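Please look over the chain below with its cysteines in mind, and follow the order of its elements before turning to individual side chains.

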Amino acid sequence: MGTQLFALNITKYLKMAEDLYIPTDVSKEEVYRSLYPQLEALLISETDQIANMANIASALKEALGFFWVGFYRVVGERLVLGPFQGPIACTSIVLGRGVCGSAWKQAKTIIVPDVDKFPGHIACSSQSRSEIVVPVKHKNTVVAVLDVDSNQLNSFDETDLYWLEKICELL
Ligand code: SME
């Protein structure tokens with residue numbers, strides 16, 4: 001019985017190259033918990049990080065309905081726009097600037113409940129109201145950041161921090 005259930009689950013996740021399974025009418029925590037193994041299964045078969053970032057951005061947008069989800073990659077002395085889902089965005093951010101540049105410099109996740117109150121926030125869209133930026137690390141060095149924007153205030157909390165950091169560790 002246990003083995004059968006495991007086989008069914010694996011089949012479900014292996015199929016997700018075509019479809020994500022996203023539960024409805026459940027908490028954000030449960031959506032993340034359902035999404036995580038599907039992303040894990042998808043990313044394990046691909047070594048190209050741009051492709052993996054593209055699927056993570058798409059999956060997060062589809063599953064959680066964020067306004068903007070995307071990656072900025074460290075290229076030399078700046079962050080350069082990478083795979084994303086949402087409206088067009090600024091292409092280049094220097095170390096220490098904005099929420100992304102600050103998360104890169106501090107090598108830690110930053111939650112911004114109200115972007116208007118974050119000194120130096122870079123407004124790529126006037127519709128963005130709150131934001132979370134998670135560093136992507138390789139051997140303790142930040143190689144990219146995941147930026148998620150909401151068009152509502154106070155959208156991000158410890159649940160997002162926990163799961164988005166865990167998802168970034170898949171890269
Ligand atoms: N707001 C970010 C810039 C990137 S966009 O939100 C997509 C920042 O302050 O770094």
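Helices and strands are taken here as DSSP runs, helices of at least four residues and strands of at least two, numbered from the N terminus. In this predicted model, the chain holds five helices and six strands, and read from the N terminus these elements follow the order α-α-α-β-β-β-α-β-β-β-α. Of the 171 residues in the chain, 43% are buried, while the surface that the chain exposes comes to about 9400 Å², with 51% of it supplied by carbon and sulfur atoms. Among the contacts with a separation of 6 or more, 50% are between residues 24 or more positions apart.

The cysteines deserve a closer look. A search of the whole structure finds one disulfide, formed by C90 and C124, whose sulfur atoms lie 1.9 Å apart. This pair links distant parts of the chain, since C90 sits in the loop between β2 (78–85) and β3 (92–94), whereas C124, 34 residues away, sits in the loop between β4 (110–112) and β5 (130–138). The torsion about the S-S bond of C90 and C124 is about -70°, and the disulfide is therefore left-handed. With a relative accessible area of 36%, C124 is partly exposed.

Why does the sulfur of C100 not bond to that of C124? The sulfur in C124 is the closest cysteine sulfur to that of C100, but it is 7.5 Å away, which is too far for a bond, because a disulfide requires the two sulfur atoms to be within 2.5 Å. C100 counts as buried, at 4% relative accessibility, and C168 is buried too, with a relative accessible area of 3%.

Technical notes: Residues are numbered from 1 along each chain as its sequence is written. This is a predicted model: local features need pLDDT of at least 70, side-chain atom pairs count only at pLDDT 80 or more; totals for chains, interfaces and linings use all residues. Side-chain values use heavy atoms; hydrogens and water are left out. Buried means under 20% relative accessible area, exposed over 50%, partly exposed in between (1.4 Å probe, protein chains only). Contact means heavy atoms within 4.5 Å. Accessible areas come from the Shrake-Rupley method with a 1.4 Å probe; for residues, only the protein chains shown count as cover.
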